[in-house]
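What follows is a short report for a reader who meets this structure for the first time. It begins with one chain as a whole, goes on to the sides that touch other chains, and ends with a single helix.

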Amino acid sequence: MPIVKVDGIEVTVENGTNMIQAAAAVGVDIPHFCYHEDLSIAGNCRMCLVDVEAGGRGPDIACNMQARDGLEIRTDSENVKNMRESVMEFLLKNHPLDCPVCDQSGECTLQDHYTSHGNNGSRLLDTKNHAPKRQPLSDKIVLDAERCIACSRCVRFGDEITKTGDLRLFERTDHTEIGLFPGEALDHGYQGNLIDICPVGALTSREFRFQKRVWYLRETPSVCIGCATGCNIIVEHESGEVFRFKPRRNPDVNSSWMCDEGRETWNDSNDFTRILMAKVDGKRSDFAAAATAAAELLSGKKVAIVLGTKGSNEGNRALALLGANLEGSKLFVMEGNDPSDTVSSDNMLKVEDKNPNRRGATFVAELSGGASTGVELKRALDAGEFEAMIVLQDDAVGRMGGATAPTVVFIGTHANQTSAAAQVIIPASAHIEFNGTFINNNGMVQRFRRALHPVGDSLPDYSAVDKVANALCGSVVGSDGAEIFAGIAEASPALKGASWASLGGAGQQIGSTQQAGAAAPSK
Amino acid sequence: MSSHQPSHREVQSKGHGEIAFSAEQEAEIVTIIAKYPTMRSAVMPLLWIAQRQWGWISHDVCRVVARRLELPPSHVLTVATFYTMFKKTPTGEYLLQVCHTLSCALAGADDLIAHIEDKLGIKAGETTPDGKFSLMRVECLASCGSGPMMQVNDDFYECLDDSRVDGILTAITDGVSLPTPRPEVDQWTHTPVS
Amino acid sequence: MDSYPRILTKNWETPNSHTLAEAKKAGQYSVLEKCLKMDRQAIKQEVLDSGLRGRGGAGFPAGRKWMFVPDVEKRQGKPVYLICNADESEPGTFKDRYCMWHDPHMLIEGMIIAAYALECKTAYIYLRGEFKYIQDRVDEAIEEAKAAGLLGKNILGTGFDFELYTHQGAGAYICGEETALISSIEGERGQPRLKPPFPAVEGAWGCPTVVNNVETLAVVPWVMAHGAKAYAAIGTEKAAGTKLFSVSGHVMKPGVYEVPMGVPMTTLINDICGGLKPGRTLKAVIPGGSSVPVMTPEEVGKATMDYESIQEVSGSYLGSGGVIVMDDTTDMVSALSNLLRFYAHESCGQCTPCREGVGWMSQILIRLDKGGATEEDIETLLDLANNIHSKTICFFGASAAMPVQSFLQKFKPEFLAKIEAAKANIVPEVVSTTNSEATGSSAGAK
C-alpha cells in the first residue's frame with residue numbers, strides 16, 4: 001500500500017488508487033471534468049493538473065497519476081491556481097453564455113468550477129464557434145452541441161458500459177462535436193446515465209428539462225424498486241413532489257448507474273392506481289375501522305400469511321409476527337412477478353425479478369420458521385385449506401391466476417387483482433414515503449428513506465400491519481421501524497449488531513447466493 | 001491536409017444509395033484485414049478503397065465499411081471526419097490542393113492560388129461548374145523545399161510558377177496527358193529546376 | 001566537414017536506386033545475414049553505442065528506446081510491434097520521402113534488423129496519406145524483397161520470420177506523434193494517448209511497440225556494417241552521425257542535404273544551400289521544423305547543427321532538421337499567423353488547452369496580421385501560449401506555443417509596429433476560425 005503526500009498531508013492508499021482519489025481521502029478536492037470513477041481515464045480536460053513535488057515530473061494530471069511510494073503532489077500552489085484558471089478560460093472560450101436558459105444550471109460542473117477556480121471577466125475579443133442546439137438523440141435525451149466540452153465521458157460510457165459504441169466525437173480541432181451517426185437514435189436502456197455524467201448542459205433530459213430549477217430540489221438517498229437489483233438512488237423532490245430519480249454510487253451494487261426503466265418509476269407513487277384510503281367491503285373507511293374490520297375477519301380463522309416481495313423487511317417482520325398469533329396460519333413468499341410488472345432483463349443491472357425485496361421476505365420468513373411457495377399456496381387454496389389470507393404488497397391473487405381465499409385482507413400501495421378480491425384494503429406508504437430496508441438479490445441489506453409525506457391515509461407497511469395486530473392480538477412490533485430492524489438483526493446471526501445507522505449509505509452484505517444479474521463493471 | 005473542413009453535419013445523407021464492395025474489392029479487403037491483429041485497424045484502408053470507388057465518403061459508404069468490419073457506423077464516421085483527406089462531399093474530377101503553409105507561402109503560394117482562382121474562375125474551396133476542377137488550400141504536404149506546389153489527385157507537382165500551372169491546367173482541359181509529376185526527385189540537393 | 005561518409009544519400013543519384021538489383025549493387029542487405037545470426041542484445045547495444053538519436057524530432061537515443069521493450073518473460077506472450085513513422089508532416093521537413101523514394105531497401109533492411117533485435121514479427125510503415133505515390137514504390141520494394149527471401153518466412157535461412165506492411169494515413173499532422181500514430185493504425189481517430197503507459201510497454205493493440213522515424217531506421221544497416229564506433233566518430237560527441245536537413249524558404253538552393261552533425265548553421269545556409277538571394281539579409285531561421293522556437297541571425301551565427309548547440313545558443317531545438325530560412329522581406333507577423341493557422345487546423349481536439357487555445361491564438365494572430373489588435377492582444381497571446389505549453393496530453397501544445405513565444409520574444413517590435421500602423425486607419429474586424437481560408441494570412445515576400 002503506497003504512502004503518498006497531498007499538500008504535505010501523508011496518506012496510505014490502496015494499490016491502484018489515483019491521486020484524485022488519494023487527495024479526496026485527505027479531504028482535498030481536485031476539480032475535474034473528464035475523470036469519472038467508473039469510466040476509463042481520458043485525461044483530456046486537464047482540470048486536475050497538479051504540481052508534482054517529489055516522485056515524478058510535473059505539472060501532471062492527478063487522474064492518470066497512480067499512487068506510488070514517495071509521490072508528493074501539491075494542489076494549493078499559485079501555479080496550480082493559475083493552471084485551473086487557464087483551463088477554465090479555455091473551456092469557456094467556445095462555450096455559450098447560456099446559463100440563464102440552460103437546464104444544467106445549478107448542477108453544472110463548469111459553473112461550479114468557474115465559481116471556485118475561474119478568474120473573473122473575459123478577455124475574449126474574437127468570436128465563439130457555434131454548433132447546433134436542441135438535437136434530439138432519442139426520446140429521452142437532447143444534445144446541445146456547443147455546450148459540449150468534449151470530455152468524452154458519454155463516448156466512454158457507450159464504449160465501456162453499454163458497449164453500444166453509439167456516441168462518438170466527430171471532426172477535430174475546436175470544431176470537435178459529439179453525436180450519433182446521422183439518422184440513428186440512442187436505443188439502449190441506460191440513457192439517463194449519459195445525462196448524469198455529462199458535466200455540462202450538452203446532454204439534458206427531455207422529460208426533466210425545464211420542469212424545475214435544480215437548486216430547489218431536495219435529495220433523499222433511497223433504493224430503486226424497479227427490480228431485485230436494488231440500485232442505490234437519490235430521490236429528488238420538492239414540496240411533496242418527486243421530480244426525478246438519480247443513481248447513487250455504490251460500487252458493490254450499481255456502480256454509478258441505473259437503468260432507464262428504474263429511473264422512470266419516479267412518479268409511480270403518484271400513479272392513479274395508488275391506494276389512498278382504506279376500504280371495507282368496497283366502501284371507504286377510516287384506517288382504524290379498517291384495521292378492526294380486518295382483525296375481525298381474520299380472527300379464529302386459518303390464515304395464509306403472504307409476505308411481501310415488494311414490502312419492507314420491517315413490514316414483513318411485523319406480518320410474520322402477527323401470523324405467529326394466528327393459530328393454524330402459515331407463511332408464504334410468492335414466486336414470480338405481478339401481472340402488472342413489465343418483465344425485462346439485460347446483462348447489466350436489470351433482472352427479471354421485479355421484486356425489490358424477495359430476498360428480504362425470504363430472509364424474514366426464515367426467522368419465523370420459513371415460508372412456503374406460491375405454488376403450494378395455490379394448491380392449498382384450491383383444496384380449501386385456508387379460510388383467509390392476508391397479503392402485504394404482492395399481487396398474490398394475480399400471481400396465482402385468480403386463486404383466492406374466501407376472505408382476503410390486502411395491505412398495499414397500488415390496486416391490483418388482490419385488492420380487487422379483498423374485503424379489507426389498507427393503504428400502505430410507498431417506499432419513498434417512509435424509512436425501511438430491503439435486501440437485494442445479492443444479499444445486500446439496504447436502507448431507503450422517507451422523502452415525502454405518506455399520501456392519503458397510508459402508513460408505513462409495518463405500522464399498517466401493527467394496526468391490524470393491535471386490533472387482533474395487541475401490538476407485535478410497535479411503530480418504530482428502527483426497533484423492528486434491530487429485532488430482525490437480533491434474531492439473525494448474519495445481521496448481528498446491525499442497525500439502520502450501521503447500514504449507512506452502502507448497505508451490508510448478508511452473503512451472496514444468487515447473483516441474478518451481474519452488476520455493472522466497477523473500477 | 002485540406003484547410004476546408006466540412007462539418008460532419010454537412011456530410012450528405014443521400015449519397016450513394018445501396019452500394020456494396022465488388023468481388024475484386026472483397027478479395028483486396030481480405031488481404032488487408034489479414035495484415036492487422038484487429039479488424040478495426042482496416043477502417044482507414046477500407047475508407048481509401050471506398051473513396052477510390054465512390055469518390056467520397058457518404059453515410060452510405062460509412063455503413064458499407066462499418067458492416068464489413070463489424071463496427072458501429074458512427075465509428076467509421078468519426079474516423080472519416082478526423083482525417084481531412086477523406087472527402088465528405090463530392091469534388092471535381094481533378095482536385096487541386098495547393099499548400100499554403102509557411103515554406104510554400106514564403107515561396108509565393110498565395111500568389112499562385114490567386115492565379116489559379118483567376119484562371120478557373122472559382123475561389124479556393126469551390127468546384128468549377130463543369131465539375132472538372134476543385135481547388136483547395138491545404139496545409140503542409142512535405143514539399144517545403146520545392147514550393148509552391150500542388151497535389152493533383154494523387155500526384156505532386158512541385159516548383160510551380162504561373163506558367164507551369166497553366167500547362168497543367170491546359171493539359172487537363174484539352175484532355176492531353178499531364179506533364180510528368182514530381183520533377184524534383186532527380187535534384188534532391190540542387191536548386192529545383194523549373 | 002570536407003570528407004564524411006554519405007550514409008543515407010549515397011545511392012540517391014544512381015538511376016533506379018529504388019530497385020532491389022541496384023540496392024544490392026550498392027551494398028544493401030550485405031550486413032543482414034550477419035545481423036540475423038547475432039545475439040539480439042548485441043544489436044541493441046551496437047545501436048546504443050553508436051549514439052544514434054531518433055531523427056523524428058525528439059532526438060531520443062534509438063538504442064535506449066529499443067531497450068525499453070520488456071523481456072520476453074515480462075511480455076505475457078504479447079508480440080512486439082515495430083512501426084516506422086513515415087508520416088513526415090512537420091512543416092519544413094521533407095527528408096523521409098526522399099529516403100523512401102530513392103532507397104526504400106535501405107529502410108527495409110534497417111527494419112528487418114531492428115525487428116530481429118526487438119523479436120518483432122510484424123512491422124508497419126505508416127505513411128502520410130499524401131505519400132500514396134511513395135507508398136506504391138515502397139510496396140513494390142517490399143514485394144521484391146519478399147520474392148528474394150528477404151522478408152516473410154525463414155529469412156535467408158536463419159529461421160527468422162518477419163512481415164512488413166505499409167499503412168496509409170489520411171491527412172492528420174498529429175499522426176506523426178507516436179501515440180497518435182498508434183491510435184491511427186488501430187483504426188481510431190489519430191489522438192495521442194496518455195503516458196504512462198509508454199508504447200514500449202503498451203503500444204499498438206496493447207502490445208509493446210517501438211516507433212522509429214524513417215531516417216533512424218535507414219541508418220541502422222550502416223551502423224551494423226561499419227560498427228558503432230565508426231558512426232559515433234561522425235558528428236559531435238553527443239550528436240553522432242550524419243543528419244538529413246530539409247532546407248526551405250529564402251535560400252538559393254533549397255533541398256535535402258546530408259551533413260554531419262555539428263556543421264555550422266551558417267555553412268549549411270550560406271555554402272551548402274547557396275545563401276540568400278542577392279541583396280537580401282537574413283532575418284530569422286526556424287531550425288528544426290515549424291514547432292521549434294525561431295532563431296535570430298545572431299543566434300544563427302553562433303549555432304552548429306546539433307541538438308546541444310542550437311539549444312544552448314537560442315533555446316531552440318534541432319527537431320526534425322527542417323530548416324526554414326526567412327530573409328528581410330519576411331513579414332514575421334504574417335509568418336507566425338500562417339503557422340498558427342496550421343496548428344489550429346491540425347489540433348486533434350482532444351485536450352482542452354490545445355483544442356481551445358490554439359484556435360484562439362490563431363484568431364488573435366489573424367487580427368494582428370490584418371489590423372485590429374492592441375498591445376493587450378500580445379499579452380493575451382503570450383499568456384495563452386504559456387498556458388498551453390506543457391499542459392497538454394502530447395507535445396502538440398508546446399509545438400504551437402513555442403513559435404508564438406519565440407516570435408513575440410525575438411521579434412516583438414514588428415508586432416508592435418503592425419499594431420501601431422493598424423491603429424491609425426483600420427477598424428477592428430471580428431475574425432472567426434470557421435472561415436479561416438477566407439481570411440487566411442499570407443506570409444512572406446511578394
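In this predicted model, 62% of the 446 residues of chain C count as buried. The secondary structure of chain C comprises 19 helices and nine strands. Its radius of gyration is 22 Å, close to the 22 Å that the globule rule gives for 446 residues, so chain C is as compact as a globular protein of that length. Taken along the principal axes, the box that the C-alpha atoms of chain C fill is roughly 75 × 50 × 35 Å. If one takes the contacts in chain C between residues at least 6 apart in sequence, 72% of them join residues that are at least 24 apart.

Chain C touches both chain B and chain A. In the contact with chain B, 57 residues come from chain C and 48 residues from chain B. Several elements of chain C give two or more residues to this side, among them the helices α5 (96–102), α7 (132–147) and α14 (332–346), and the strands β4 (160–168) and β6 (242–249). The element that gives the most to the side touching chain B is α14(C), with six residues.

The contact with chain A brings together 27 residues of chain C and 23 residues of chain A. Here α14, α15 (352–370) and α16 (375–388) of chain C each supply at least two residues, and α15(C) gives the most, with 10 residues. Helix α14 of chain C thus appears in the lists for both sides, that touching chain B and that touching chain A.

The table sets out the residues of each side by class.

| Side of chain C | Nonpolar | Polar | Charged |
|---|---|---|---|
| touching chain B | 24 residues | 22 residues | 11 residues |
| touching chain A | 10 residues | 13 residues | four residues |

The last part turns to chain A and its helix α4, which spans residues 153–161. Which residues of this helix are buried? They are A:R153, A:C154, A:V155, A:F157, A:G158 and A:I161. An α-helix has 3.6 residues a turn, so residues three or four places apart point the same way. The cover over the buried residues of α4(A) includes the strands β8 (168–170), β9 (177–179) and β10 (203–205) of chain A, together with the helix α5 (191–197) of chain A. Just after α4(A), A:K163 takes a positive phi of about 55°.

Conventions: Residues are numbered from 1 along each chain as its sequence is written. Chains are lettered from A and ligands numbered from 1 in the order in which they are written. This is a predicted model: local features need pLDDT of at least 70, side-chain atom pairs count only at pLDDT 80 or more; totals for chains, interfaces and linings use all residues. Two residues are in contact if their C-beta atoms, placed from the backbone, lie within 7 Å. Helices (H or I, at least four residues) and strands (E, at least two) are DSSP runs, numbered from the N terminus. Ala, Val, Leu, Ile, Met, Phe, Trp, Tyr, Cys and Pro count as nonpolar, Asp, Glu, Lys and Arg as charged, and the others, Gly among them, as polar. A residue is buried if 20 or more other C-beta atoms lie within 10 Å of its own, exposed if 12 or fewer, and partly exposed in between; C-beta atoms are placed from the backbone. The radius of gyration is taken over C-alpha atoms; the globule rule is 2.2 Å times the number of residues to the power 0.38.
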